[in-house]
Amino acid sequence: MPTRRRTERAAAGVGSPAPAIALKDHHGDLVDLSAFRGKRVLLSFNPLAWTEVCRLQMQALEARAADFTRLGCVPFGVSVDPVPSKKAWAEAIGIERTQLLSDFWPHGAAASALGIFREKEGFSERACVILDEAGVIRFAKVYPIREVPDIEEQETVLREL
């Protein structure tokens with residue numbers, strides 16, 4: 001029987017309250033997602049900073065920052081990289097408006113809580129999770145690791161919420 005190449009899958013938890021997530025951003029400031037109740041939140045997980053596909057993914061978020069604001073959504077980039085690395089990376093790739101969150105310690109805890117942490121590799125899947133205004137997961141999708149997530153798809157989901 002031939003095996004299929006995995007191209008995408010849904011992440012766990014759609015329809016349930018998001019787990020408590022509080023991570024430092026690339027400036028070292030603590031970001032507690034519960035403070036964003038009343039707004040939609042996009043968590044755009046990328047495996048590791050300093051890679052081409054991850055750069056394109058974060059730059060796409062940055063380029064569409066105004067669109068997300070119009071949709072009542074706060075986008076965050078998330079990876080297991082430590083804060084100093086994320087700060088240097090944000091500067092290197094021109095990220096100014098989008099907060100990049102560090103899921104460094106406890107290592108991968110946010111990704112694990114959402115069911116998208118790759119234990120063997122030590123980083124998250126490439127995934128996008130959208131929370132509604134009440135903090136309920138309304139969309140969660142794992143994308144192929146070597147492909148930039150479809151930002152149009154995420155905006156469509158936000159418009160339909």
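In this predicted model, a good place to start is Cys73, which counts as buried because its relative accessibility is 3%, a value that falls under the 20% limit for that label. Cys73 is in no disulfide, and the nearest cysteine sulfur, which belongs to Cys128, is 10 Å away. Since a disulfide requires two cysteine sulfur atoms within 2.5 Å, that separation does not qualify. Another cysteine, Cys54, is likewise buried, with a relative accessible area of 1%. For Cys54 the nearest cysteine sulfur is again that of Cys128, here 11 Å away, and Cys54 is in no disulfide. By the distance rule, the count of disulfides in the model comes to zero.

From the cysteines we can turn to the aromatic rings, where the count comes to one aromatic pair. The partners are Phe36 and Phe76, whose ring centres are 5.3 Å apart and whose planes meet at 80°, so the pair is described as edge-to-face. Phe36 sits in the loop between strand E3 (30-32) and strand E4 (40-45), while Phe76 belongs to strand E5 (residues 73-79), and the pair therefore ties together parts that are 40 residues apart in sequence. Of these two partners, Phe76 counts as buried because its relative accessibility is 0%.

A last stop is Gly115, which is found in the loop between helix H4 (109-113) and strand E7 (117-118). With a relative accessibility of 39%, Gly115 counts as partly exposed. Along the chain, Gly115 and Gly13 are 102 residues apart, and in the model their C-alpha atoms are separated by 8.1 Å.

Terms used. Residues numbered from 1 in each chain as written. Predicted model: local features only at pLDDT ≥ 70, side-chain atom pairs only at ≥ 80, totals over all residues. Heavy atoms only, no water. Buried < 20%, exposed > 50% of the residue type's maximum accessible area, 1.4 Å probe, protein only. Phe/Tyr/Trp six-rings, centres within 6.5 Å; stacked < 30°, edge-to-face > 60°. Helix = DSSP H or I, 4+ residues; strand = E, 2+ residues; numbered from the N terminus.
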